Each structure stands twice: as C-alpha cells, then as structure tokens.
Amino acid sequence: MLALLAALALASNTDRATLTEGVTSLQAPGALPGPMVATGGSSFVILTAGGAPLFVGASAGSGRVIAGGHESFLGADNLRSAGNARFFGNSLAWLARRPLKGLTVGELGLGGIRRFVENAGGTALQLNPATFAAQLKQCQVVCLNQGALDGNIPAQQAVLRFVKAGNGLIVVGPAWGWQQTQPGKDLRKDHSGNRIITSFGIAFADGTVDGPYSPAGAQSPLLTTESAMAALRTGQLTPNDVTTATATVQRALSVMPTSSHGLRNEITKLTKGEGTAAGPSRKSPITTKMPFSRLLATLQSRDFAALSPEKVRAYPSSADFPGAVPKGAGRVTRSIRLDTAVPEWNATGLYAAPGEVITIKIPDSARIAGLAVRIGSHTDELWHLGKWERFPAVSSRTLLRGPVTKVASPFGGTIFLDVPSGCKLGVISVEIANAVPALRFVLGETTNAEWQADLKKPTAPWVELEGKTVALSVPRWAVENLSDPTALMTYWDEVFAASRRLYAAPARPRKERYCVDRQISAGYMHSGYPIMTGDDVAVTFCDLAKLRGQGHTWGFYHELGHNFQQSAWTFDGTGEVTCNLLSLYGSEVLNGITLAEYGKAHPAVKYQTRQKRLQEYLAQGAPFSRWKSDPFLALTMYIQLREAFGWEPYKQVFAEYEALPQAQQPRTEQEQHDQWMTRMSRATKSNLGPFFRAWGVPVSAPAVDGLKDLPAWMPRDWPVK
C-alpha cells in the first residue's frame, strides 16, 4: 500500500514547499472554515484541516491561483500571527513570481490585507466592481472574497483573462456561509469564486472542517481527486484510507463539472459489486466499505436538484424511508390559510408523494416575498457519517418565485410553507394541488374526536402534532395509540412555558419544533430548528404517561435548553451544562422529581455520584481544564446553588442578561466568569467568590473584592480535602 501511495504522489512539490516555508500552522479564532477541492494535475493541496484540504493552489497557464476555506485567515488581526503572515507573504510572492516590495495587490472584500501589503513595501488597491477590468491592469495579484463578483459576469471573465496572462489570484471564504446567505442559488453555477477557479481544477466545497490548520498531510495523494479515485479503483486501501479517498471524490463530484459521462458510468458500474441498487436502508446500510455507492449517491443528489419536476421519479428506497404512501390515500387540492407573521415552517396537513409533482399557487403580491415550499422535515444530511441507514439528503426547499410553482421530490415528505422573518404580507391563501392528506393535530383547532376519526383514514406516513408553542414531526406508526392529543400537546406547551420561565426568554414568533428521524447527523439527539432525535423515542414523544413520569425526558429538555442558551452566560466548558439546567428544572416542575430524587432524572446527578465525582476532582487540585471537559462535574456546581438558593436567583440573573445592553455584554471569557459570579452573588445575597475559587473557576481579584459587602458562602456539605 505504501508503494501505491508513493507512486500516486508527486516525487516532490516545490510549489507547496515554497508556500509553506516557515509555516507550522494558521490561526483563525472563532472561524468555521469550509473544505476545498483539488483535482490533481496542476492543482495541489497546500494546507489541511481535519484531514481535508483547507488551502489549494493551481497553475493556470502562466498564471497562478490560491483558494482557501475562510477569509478570516487573511483578516487584519489574524495577519499579526506569525504563521498567517508568513503564509500570506509566501502566497503573494509565489503568485506574482517576485518579491513583495513594489507589488500592487488589488482587493475586493478583503480590506484586512491592506496594512500587511503596505508594511511589506507593496501597494494595496481597493477594487471597484464598476471599473474592475481597468483597475486590474495596475495589479500583479488580486485578492477576492468568495462572493465578491457574484452576478458580475464581465468582472469574472476579466479575472480569468488576468490570471491566464500570467498574474496571480487569491480567493477565500467558506462555501457553507455563502450558501446560507444565498438561498436558492447553486454553489457551482452562481458562486463567483467557483465560476472563476473550477476551470483550474480547484473549487470551494460545502461543509465545514476543524483545526488544526497546518501543512500536515497536504502531500497525501488521497486528498486530490484524480489520485484518490485511482486509489479506490485498486480496492487495496485501508478502511481509514477508503474514508479519506471517498470523501475527497465526494467533495469534487458535488461541485466540479460532471461533463464526463465516463466517470459516472464507471462509478455506476462499480456500485453493482457492492449490492446497493435499492439505496440505503436500516437493514442494508451503505457504509464506508462501499465507496462507489457513496459516490453514486453524491451524483444522484446533484441530479435531483437539477431535474425538472416532471422528470423526478421516486427513489428506490423512498418506500423504506421516509415511507410509502398507502395505496388508499387519495390526492387532494387544498387552499391553505398562511399567516406570514409566523416565520419559518408552517405546516399544511399535506404530503408530497415520492416522484409526484405538486403545484403551489400564491397571490401575485407574494411573488417577491421570499416564500418557499419545503418537502420533508428531515433536514439532517448524513454525508459525513460512516454508515447511511437512509439516503443522506431527503429534504428539499424551493423558492416560490412565481404565482405557480411545480415541485417534486424523489423521496416525498411533509409539505411546509417556509416564510422569511419580517414578512409583511399578512394572511394569504396558498393553493396546493396533487398532495396526499397527512394527519395533523392543532391544539385549539382540532378536537380529539376529529383526530380519532382521521386516524382511521389512509394518510401519509408522517404526522404533525402542534401545540401553541411546540410542534412534533413523528411517524404515523408512533401515534396509532394516541387517543388524547389535546392533553399531549398541552404538556408540550407546558415544557416550553417552563423553559421561558427559567431562562427569562421572550416569546418567539414561531413554534419550537422536534423532529423524529431514522438517522440524524450528530449525537443521540441534537438541538436546532428542528430539534432532531432518532425514531427509538418516537412513541415516547406521544406517550403522556411516560412524559409525565420519570426518567424519559432528560434529553428532550436538554436539547430545548440548548435552543435557549446565550453566549453571555454560557462560557467555555458550559455548552453542555447550562442547557441541563432545563433538564433539572423540567424534571422538578413537570415530572415531580425532588432534589433528593435527582438520580431519577439522570443517574449522573444522583447525590452520591455527584459527591464522589467532586471529591475526586478536588483531590486532583481542582484543575479547571477537567471542570470544562466534564459536563456533569460542572453541573454539580450549578446544582449546589440550586439546592441552597432555589431557582429564583437563576431566573433573576437570566432576566438581567436578557435586558443587558450590547455594550455591557461580557466580551472575554474572564468577563463571562466575573459577570456570572457577580450577578449570582447579588441574586443570592451571598459572596460566591470563595465558592468559585474552591471549584477552580477562574475569577478575577477585582470581581471578588467587589463582593466584600456580602457574607461569604460555601455549601454545608462541601467535601473536606
């Protein structure tokens, strides 16, 4: 295997060596970079992050190009870092084939580079899209933000001519960030960075990568598309190498032109030996041992997005997930009353059958309002996971740009009308045709009798249960024994009300949403919109006896707690802690669990377990690094405050933060510690300085000194060292 990889790799890469000379790592605190693509040939990987390309380069005729996954690496503050400064300096010199002194560097959307260029003896020229082509004549290198030339075709063409004439180009930015701000646009066709650089064998890909950001592993042939594909063909790679090579080709297929039918045909042929023609399912998942099936899925996903609705067909495994529409279910046309004051997902009680076209009609006045139709509540994408128990991407969203829009999904799914925040259309009527009726209960609108009658009808495989403030997306089989949805959704509204009381949070214009899925993208459950969880708890969502009981709700409360967290009072190490305050509070007020019975809510918070963990921690000298890495250890500190002072101080302090002007928000981690300690001390009328210090949480001397007017406090059962 080593011989194979050596044969695929270049004997040496002087360009990479030149660019990374003196560079051990880059810094970009708080940034979330995206991955890059290098196909091979004249393109190559320069720096990596999390085993994926972070910066890539290419020769382009007599010119040169570098592209990277985030603009923050070239921000003014980060260019003060030795690694960033050295890499950027190396890059400018390599692109221009000359020293920096006397160099003219044009920039658009990257103003942070100007001081660096000028300090190096060069000239920084701010480019103007209106006079772009003329200004290029003054430059040897141009630095662009990834979307700086979106929609400006003449300027994009001018950059291509500029590079091919022997000049240099740097383009940076995270593609995922561009996609979030450009709904409905295509990363390949509309992203100006990709429109410029894909012809050189490099590209911006969707997704994110983790640090460290360094040259380590950049020489691996498995990170360039051509070499990775060649290695996969041999069938001789280790499992880890198969994963790396497959991910490399997947990234390329998702963004690079696929005009070569040869590659598609080859991948399709190679999947036959993997036995996955029907697509992934729980019984027959697609794993990393099936690289060509994974690559084919990438191509298929691209195809689905490009097909006209009339050409969409049901995907083979759609009957397995999201599920088949019953044969007896009819197709209906309904007029939906849409209140556009409610942003994001608005349920319709309708379902799109796999491969069938639905038609949406909106008033002419709504054409430019940014309304969209979403098919499917399962928005988690699984491309990065080692095993797929369903197709990795089954939900779609289509903007309603005209009075009539036709859409179709190969997987089918619940139909939602997606409304942008701040929409001012009021209440409008939206007609949806050729849809399947889906069970939908709305608290205060649907009666239990109506629900029970609907349960007897053949309807779609997914159900919407809505309270006033919470909505649930669950499979039809999970509600077969649900006779009293009114009581169920009243409970879920109580959960949300308890969350608001604890965190002193304002009302929200849309409902909080939970969604059950066959497989989710991360963890056992995860927060967000919607909150996602596996189908092993689908019935529990709808079982009021369990929900009102003990030991079933910790995770449900935990993820909702995440959705209420604020950075001002959730400092480093408490991301999995302050959300658990709701797990504790909810267990008390909704499930009747007392302080002495906390172990019934979660075994990790049983009193004896907490004390043992604390004693071990103190015996180690209370290292804050461990406190930050052990959520249940840190939670013990919060529990001690609740035991002594109740929940009111928490509510008071959260309300203070909610009302805090932006200028008074903590800006550093030290300020976060100090403010939290000070505010909790004032709320409890106790000096908590000794308590925080005993726990090893760093608080400043001035902050502790400011509490001298209050009596010092420690828990009565504090362990003796």
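Two strands count as paired here if DSSP finds at least two bridges between them. With that in mind, here are some notes on this predicted model, set out as points to follow along the chain and in the viewer.

1. **The eight-strand sheet.** A good place to begin is the open sheet whose eight strands run in the order β6-β5-β7-β8-β4-β3-β2-β10, with mixed pairing. Its edges are β6 (123-126) and β10, and since each of these has a single partner strand, one side of each is left without a neighbour in the sheet.

2. **Inside that sheet.** How do β3 and β4 pair, and over how many bridges? Strand β3 (residues 52-60) runs antiparallel to strand β4 (residues 63-68), and six bridges link the two. To find the register on screen, look for V56, which sits opposite A67 in β4.

3. **A helix across the sheet.** Helix α3 lies across β2 (43-49), β3, β4, β5, β7 (141-145) and β8 (168-172). Relative to β4, α3 runs at about 155°. Just beyond this helix is a residue worth a look: R97 lies in the loop between α3 (82-96) and β5 (104-108).

4. **Two positive phi values.** Most residues other than glycine have a negative phi. R97 departs from this, with phi near 60°, and E344 has phi near 65°. Where do these two sit? R97 is in the loop already mentioned, between α3 and β5, while E344 belongs to strand β13 (residues 344-352). R97 is partly exposed, with a relative accessible area of 47%; E344 is also partly exposed, at 26%.

5. **Strand β13 and its partners.** Is β13 enclosed or open to the outside? Eight of its nine residues are buried, so β13 is largely enclosed by the rest of the structure. Strand β19 (residues 413-419) runs antiparallel to β13 and is joined to it by six bridges, with L417 of β19 as the bridge partner of N346. Strand β20 (residues 427-437) also pairs with β13 in the antiparallel sense, over two bridges; there, L350 stands opposite P437.

6. **Two cis peptide bonds.** Most peptide bonds are trans, and two exceptions deserve a check by eye. G211 and P212 are joined by a cis bond with omega of about 0°, and P212 falls in the loop between β9 (202-204) and β10 (213-214). The bond between F321 and P322 is cis too, with omega of about 5°. P322 is found in the loop between α12 (291-306) and β12 (332-339).

7. **Helices α9 and α12.** Helix α9 (residues 225-234) packs with α12 at an angle of about 135°, their axes being 11 Å apart. That angle makes α9 oblique to α12. Which residues meet at this contact? From α9 come M229, L232 and R233, and from α12 come P291, F292 and L295. Sorted by class, the contact has five nonpolar residues, no polar ones and one charged.

8. **The six-strand sheet.** Further along is an open sheet of six strands in the order β21-β22-β23-β24-β26-β25, again with mixed pairing. Its edge strands, β21 (440-442) and β25 (525-526), each pair on one side only. Within this sheet, strand β24 (residues 512-517) and strand β26 (residues 531-534) are parallel and share four bridges. Y514 has I531 in β26 as its bridge partner.

9. **An enclosed helix.** Nine of the ten residues in helix α18 (residues 580-589) are buried, so this helix is largely enclosed by the rest of the structure. Among the buried residues are N580, L584, Y585 and E588. What do the buried residues of α18 pack against? Their partners are α14 (485-503), α17 (554-564), α19 (598-601), α22 (631-645) and α23 (648-659).

10. **A buried glutamine.** Finally, Q675 is placed in helix α24 (residues 669-684). Is Q675 buried or exposed? Its relative accessibility is 17%, and the cut-off for buried is under 20%, so Q675 counts as buried. A polar atom of the Q675 side chain lies 3.0 Å from the backbone oxygen of Q664. Leaving aside neighbours within four places in sequence, Q675 is in contact with Y657, L660, Q664, Q665 and P666.

Technical notes. Residues are numbered from 1 along each chain as its sequence is written. This is a predicted model: local features need pLDDT of at least 70, side-chain atom pairs count only at pLDDT 80 or more; totals for chains, interfaces and linings use all residues. Side-chain values use heavy atoms; hydrogens and water are left out. Buried means under 20% relative accessible area, exposed over 50%, partly exposed in between (1.4 Å probe, protein chains only). Contact means heavy atoms within 4.5 Å. Axes are lines fitted to C-alpha atoms, for helices over the stretch in contact, and angles run from 0 to 180 degrees between N-to-C directions. A polar contact is a pair of N or O atoms within 3.5 Å; within protein, one must be able to donate a hydrogen and the other to accept it, and residues adjacent in sequence count only if both atoms are side-chain atoms. Angles under 35 degrees count as roughly parallel, over 145 as roughly antiparallel, 65 to 115 as roughly perpendicular and the rest as oblique. Ala, Val, Leu, Ile, Met, Phe, Trp, Tyr, Cys and Pro count as nonpolar, Asp, Glu, Lys and Arg as charged, and the others, Gly among them, as polar.
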